[in-house]
Amino acid sequence: MDISPIEVIGQDLKRPESVLATASGAIYVSDLECGAIRIGGARHPMIGAPADFVPNGIALLPNGEFLIANIGPSGGVWKLTPDHRIEPVL
């Protein structure tokens with residue numbers, strides 16, 4: 001299999017373990033500092049995340065917010081708002 005057509009995208013990502021691609025072509029990944037980030041977008045650190053927050057799985061909600069699974073010791077499912085605030089959900 002020839003992999004030469006594959007293009008590498010994204011840089012300066014920290015723990016990009018979950019990837020979402022939308023019909024519009026936007027690509028989002030989980031990120032240790034930002035929670036979730038759009039590839040090619042600006043980096044905005046999360047506001048209000050616990051010190052042990054480790055984002056893993058992400059889900060994009062219809063309103064543009066994200067649900068994020070925290071695999072850090074405090075655990076839980078958290079919501080990331082468009083203004084970069086992180087709030088516990090579960």
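Okay, let's start with a pairing: strand E2, residues 27-31, runs antiparallel to E3, and the two are joined over four bridges. One spot to find on your screens is Asp-31, whose bridge partner in E3 is Gly-35. Before I go on, keep in mind that this is a predicted model.

Now zoom out a little. Those strands belong to an open sheet of three strands, ordered E1-E2-E3, with antiparallel pairing. Which strands sit at the edges? They are E1 and E3, the latter covering 35-38, and each of them pairs on one side only. On average, neighbouring strands in this sheet are turned by 25° against each other, if you ignore direction.

Next, the aromatics. The structure holds two aromatic pairs, and I'll show you one of them, made by Phe-53 and Trp-78. A pair of aromatic rings is described by the distance of the centres and the angle of the planes. Here we get 5.6 Å centre to centre and 85° between the planes, so the pair counts as edge-to-face, given that the cut-off is over 60 degrees. Along the chain, the partners are 25 residues apart: Phe-53 is in the loop between E3 and strand E4 (55-60), while Trp-78 is in strand E6, residues 77-80. Buried or exposed, these two? Both Phe-53 and Trp-78 are buried.

Last stop, the surface. Met-1, Ile-3 and Ile-6 make a nonpolar patch of about 440 Å² there. Take Ile-6, which lies in the segment before strand E1 (19-21). Its relative accessible area is 60%, so Ile-6 counts as exposed.

Technical notes: Residues are numbered from 1 along each chain as its sequence is written. This is a predicted model: local features need pLDDT of at least 70, side-chain atom pairs count only at pLDDT 80 or more; totals for chains, interfaces and linings use all residues. Side-chain values use heavy atoms; hydrogens and water are left out. Patches are made of residues with over 30% relative accessible area and no salt bridge: like charges are joined within 9 Å, nonpolar side chains (Val, Leu, Ile, Met, Phe, Trp, Tyr) within 5 Å. Accessible areas come from the Shrake-Rupley method with a 1.4 Å probe; for residues, only the protein chains shown count as cover. A salt bridge is a side-chain nitrogen of Lys or Arg within 4 Å of a carboxyl oxygen of Asp or Glu. Buried means under 20% relative accessible area, exposed over 50%, partly exposed in between (1.4 Å probe, protein chains only). Two strands pair if DSSP finds at least two bridges between them. Axes are lines fitted to C-alpha atoms, for helices over the stretch in contact, and angles run from 0 to 180 degrees between N-to-C directions. Rings of Phe, Tyr and Trp (its six-membered ring) pair if their centres lie within 6.5 Å; planes under 30 degrees apart count as stacked, over 60 as edge-to-face and the rest as tilted.
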